[in-house]
Protein chains: 2
Amino acid sequence: MNVADYMQTLGQQARAASRAMARASTNDKNRALLAIADEISNSRDTLRAANAEDMARGAENGLDAALLDRLELTDARIDTMIEGLQQVAALPDPVGEITDMKYRPSGIQIGKMRVPLGVIGIIYESRPNVTIEAASLCLKSGNAAILRGGSEAIASNKALAECITTALKAVGLPEACVQVVETTDREAVGQLITMPEYVDVIVPRGGKGLIERISRDARVAVIKHLDGICHVYIDREADRSKAINIAINSKTHRYGTCNTMETLLVHAGIAGTILPELADAYEQLGVELRGCDKARDIVSDMVAATEADWHEEYLAPILAVKIVEDMDEAIDHINTYGSHHTDSIISENYTLARQFLTEVDSSSVMVNASTRFADGFEYGLGAEIGISTDKIHARGPVGLDGLTSQKYVVLGNGEVRK
Amino acid sequence: MNVADYMQTLGQQARAASRAMARASTNDKNRALLAIADEISNSRDTLRAANAEDMARGAENGLDAALLDRLELTDARIDTMIEGLQQVAALPDPVGEITDMKYRPSGIQIGKMRVPLGVIGIIYESRPNVTIEAASLCLKSGNAAILRGGSEAIASNKALAECITTALKAVGLPEACVQVVETTDREAVGQLITMPEYVDVIVPRGGKGLIERISRDARVAVIKHLDGICHVYIDREADRSKAINIAINSKTHRYGTCNTMETLLVHAGIAGTILPELADAYEQLGVELRGCDKARDIVSDMVAATEADWHEEYLAPILAVKIVEDMDEAIDHINTYGSHHTDSIISENYTLARQFLTEVDSSSVMVNASTRFADGFEYGLGAEIGISTDKIHARGPVGLDGLTSQKYVVLGNGEVRK
């Protein structure tokens with residue numbers, strides 16, 4: 001079968017399965033999640049063997065150490081997948097929730113019911129654990145999933161697909177509600193993102209290049225997360241110790257995450273007293289600072305920042321630093337150079353805090369908190385399939401609710417329109 | 001200036017204006033709406049003169065009577081535009097609403113704030129009153145709007161744009177928050193739907209062909225409404241009088257609207273007793289019936305329905321009729337042939353009603369109510385910019401909330417991630 005036909009078949013099967021999934025009871029969905037967990041637990045040897053195949057091929061093909069690390073299914077990662085499945089099973093079922101029921105003057109009663117989106121296509125890199133994360137969230141939210149992982153992980157993903165299929169069969173849910181694309185042909189992605197008749201939304205997880213390419217070519221809605229250029233703005237009226245703790249934590253808690261601060265903005269009225277202390281702390285932690293001219297007047301051994309630095313998602317121990325004359329300049333900078341991901345103000349001033357919350361155009365806007373909190377678990381969503389920097393449909397961490405939609409329900413007693 | 005440059009300029013101006021609009025107070029937005037209403041009221045002569053120009057050109061170019069009717073700005077239509085502006089001014093401001101604030105174990109408090117989408121592009125046919133409807137909803141929801149009406153209405157739309165600009169200037173809001181595209185070049189649409197840097201969402205209003213074309217070519221999210229193939233299903237346990245009233249009202253209240261019933265489904269167990277009475281009522285109202293074989297066994301003078309009839313949005317006094325053996329067959333038919341718009345069951349059976357609500361995959365699902373209720377005003381949204389048959393972002397009637405998004409707000413007291 002050629003790739004186009006193969007993907008069409010997956011699409012048709014997913015569409016059919018999505019109808020059954022939308023009706024599936026909470027209990028059946030949870031039983032399936034726990035059955036997948038058991039199946040994985042009982043298949044450790046098979047999974048490790050399949051993964052070893054991928055690792056060997058990867059090493060042969062010269063994958064770098066970071067890629068190989070992400071590709072590996074260690075025992076700890078298998079445990080994490082099992083725990084993840086159990087956690088998603090324990091989350092409340094979003095499907096069927098009815099809200100905002102109210103009577104209208106015509107006599108009808110109207111509200112909204114939460115329903116699955118239908119079929120979700122997930123495109124991700126060579127991290128086999130994403131296969132299980134994505135499958136569990138789609139399953140719990142009553143959607144059918146088509147999963148396309150990186151080609152380097154194909155053996156691992158096929159072995160995981162086997163566990164999923166066995167579990168679904170045992171529980172009596174349609175096997176096609178989770179399908180793993182079992183070809184490494186790149187054309188499969190091109191097909192997946194241009195089948196609006198079978199796929200309702202695409203969630204790409206990977207590098208900026210991949211996501212831009214998918215967004216450009218997709219004929220289906222895309223829930224996308226491009227990059228995380230997050231800011232902390234230390235206001236003149238900041239509490240000194242909160243400012244230092246949050247500026248350090250936002251940058252150094254983890255360097256490689258999208259909610260890590262990449263640019264620090266400091267009010268000119270407090271920079272002279274707070275920046276030297278912060279610079280010392282960053283130096284001890286091995287963070288390189290790249291500052292504007294005014295910042296370098298205060299801390300002379302900073303590298304000079306260029307225009308490119310304000311646009312940069314370093315994902316590394318590097319931090320851009322800029323002195324601003326007032327909060328308006330900070331907000332302008334964030335809305336211009338940021339990626340609408342997560343930005344935090346440190347201030348004790350009520351009016352400025354309120355204005356910052358209103359005017360910063362980002363998916364998460366914070367007062368006196370570390371940008372590192374922008375995360376599905378920290379927000380209480382239970383789990384996330386990604387963090388959306390879009391404004392349409394889902395914004396910020398996308399949990400189970402982000403994989404659903406709401407339809408109107410109208411309850412009447414024979415009412416007709418006058 | 002060529003069309004591409006012209007549209008880029010409109011886009012840049014809209015993006016800049018959208019920042020100011022997002023900050024605009026409820027009071028300023030309402031003052032602007034009322035000022036536009038006053039300006040229109042004071043410009044009746046100018047508006048009528050501009051419209052007469054369009055009407056003369058339209059007649060010369062051989063526009064048909066229906067198009068000319070929609071193009072005309074009668075005094076009554078001008079009054080309706082003024083009332084519409086006043087109604088939108090009276091609606092609650094959706095922007096800034098904060099919901100779901102709760103504390104997390106880390107100490108942070110998290111919730112959602114409703115914010116404008118940014119820049120909305122509206123593409124519509126030659127109905128000048130849509131210019132004011134669209135402008136008012138975008139303005140109230142804090143968005144900047146770029147309006148592209150049909151070329152036949154260009155003089156009317158320019159005159160209305162003049163009223164809007166004068167009013168915005170008087171109130172002190174940026175003039176570019178509502179811009180009317182003042183070229184009839186078709187390339188303007190192509191540009192508008194492919195400027196994701198300046199336009200956040202496109203709302204096309206018009207025929208199915210236009211909307212399909214825009215959805216296919218857009219590089220920006222589209223809130224779309226394709227067609228309205230709505231169903232009423234009369235269950236075996238239907239209350240006879242509710243069934244007859246709703247079946248008649250859903251079809252005959254207005255023929256040309258998207259929430260009009262196009263196919264009637266009747267349970268085989270009640271068809272023999274209810275269909276003859278319904279057929280008589282429809283005949284008196286001049287509605288042509290096209291039935292399946294079983295329906296024609298009961299009412300012999302029906303035209304035979306073909307497969308094409310189940311797919312048809314007649315927008316006319318024609319109704320397809322099908323007998324089904326049970327509700328599952330009805331739901332299958334609706335999910336297969338319908339357009340996911342609005343569908344209603346008539347039944348006194350609690351379990352069946354609940355199942356119908358859950359399993360029918362449409363933007364509005366009803367029990368014992370006329371499909372004609374699927375409407376922004378009837379649902380209490382105040383006004384609507386369209387009815388979305390999509391699942392992403394907005395579904396069903398799209399009011400002010402549908403033109404907004406929600407961002408996360410996090411309030412802390414110095415919390416950092418452990």
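Start with the sheet that runs across both chains of this predicted model. Ten strands line up in an open sheet with mixed pairing, and the order is β11(A)-β10(A)-β12(A)-β9(A)-β8(A)-β13(A)-β14(A)-β17(B)-β2(B)-β1(B). Read along that order and you cross from chain A into chain B where β14(A) is followed by β17(B). At the two ends sit β11 (303-304) of chain A and β1 (98-103) of chain B, edge strands that each pair on one side only.

The chain B end is a handy place to look at the pairing residue by residue. Here β1(B) and β2(B) run antiparallel and are joined by 4 bridges. Ile98(B), for instance, stands opposite Met113(B) in β2(B). Over on the chain A part of the sheet, helix α14 (residues 327-337) of chain A lies across four strands: β8 (230-234), β9 (261-267), β12 (318-324) and β13 (342-346). Helix α14 of chain A runs at about 140 degrees to β12(A).

Chain A and chain B also pair through another couple of strands. Strand β17 (residues 404-415) of chain A runs parallel to β14(B), with 5 bridges between them. If you want a pair to find on screen, try Leu411(A), whose bridge partner in β14(B) is Val367(B).

Now for the interface as a whole. In total, 55 residues of chain B are in contact with 55 residues of chain A. On the chain B side, the elements that each supply at least two residues are α1 (3-23), β2 (109-116), α10 (240-252), α15 (350-359), β14 (364-369) and β17 (404-415). The largest share comes from β17(B), with 11 residues. That is the strand of chain B that follows β14(A) in the order of the ten-stranded sheet. What is the mix of residue classes on the side of chain B that touches chain A? There are 20 nonpolar, 21 polar and 14 charged residues.

Chain B has another sheet to look at. This one is open too, with 5 strands in the order β5-β4-β3-β6-β7 and parallel pairing. Its edge strands are β5 (178-180) and β7 (221-222) of chain B, each pairing on one side only. Further in, strand β3 (residues 119-124) of chain B and strand β6 (residues 201-205) of chain B run parallel and are joined by 5 bridges. Tyr124(B) stands opposite Arg205(B) in β6(B).

Helices pack on this sheet as well. α1(B) touches β3, β4 (144-148) and β5 of chain B, and its direction makes about 145 degrees with that of β4(B). Helix α6 (residues 128-140) of chain B lies across β3, β4, β5 and β6 of chain B, running at about 165 degrees to β4(B).

Next, pick out helix α2 of chain B, which packs against two other helices. Which residues of α2(B) meet helix α5 (residues 75-90) of chain B? They are Asn30(B), Leu33(B), Leu34(B), Ile36(B), Ala37(B), Ile40(B) and Ser41(B), and their counterparts in α5(B) include Ile78(B), Met81(B) and Leu85(B). By class, this contact divides into 11 nonpolar, 3 polar and no charged residues. The axes of α2(B) and α5(B) are 8 Å apart, at an angle of about 170 degrees. The two helices are therefore roughly antiparallel to each other, and α2(B) passes α5(B) in a left-handed crossing.

The other partner is helix α7 (residues 154-171) of chain B, which packs with α2 (residues 26-42) at an angle of about 135 degrees, the axes again being 8 Å apart. That angle makes α2(B) oblique to α7(B), and the crossing is right-handed. Among the residues that α2(B) brings here are Asp28(B), Arg31(B) and Glu39(B), while α7(B) contributes residues including Cys163(B), Ile164(B) and Leu168(B). The class count is 10 nonpolar, 1 polar and 3 charged. Ile36(B) and Ile40(B) take part in this contact, and both also appear in the contact with α5(B).

Chain A offers a helix pair of its own. The axes of α10 (residues 240-252) and α11 (residues 268-284) of chain A come within 11 Å and cross at roughly 35 degrees, in a right-handed crossing. Ala243(A), Ile244(A) and Ala247(A) are among the α10(A) residues that meet α11(A). The contact has 7 nonpolar, no polar and 2 charged residues.

As for confidence, chain A averages a pLDDT of 95, with 100% of its residues scoring at least 70. The model scores ipTM 0.92 and pTM 0.92.

Notes. Residues numbered from 1 in each chain as written. Chains lettered and ligands numbered in written order. Predicted model: local features only at pLDDT ≥ 70, side-chain atom pairs only at ≥ 80, totals over all residues. Axes fitted to C-alpha atoms, helices over the stretch in contact; angles between N-to-C directions. Parallel < 35°, antiparallel > 145°, perpendicular 65-115°, else oblique. Left-handed = near helix turned anticlockwise from the far one by under 90°. Contact = placed C-beta atoms within 7 Å. Nonpolar A, V, L, I, M, F, W, Y, C, P; charged D, E, K, R; others polar. Pairing = 2+ DSSP bridges. pLDDT = per-residue confidence, 0-100.
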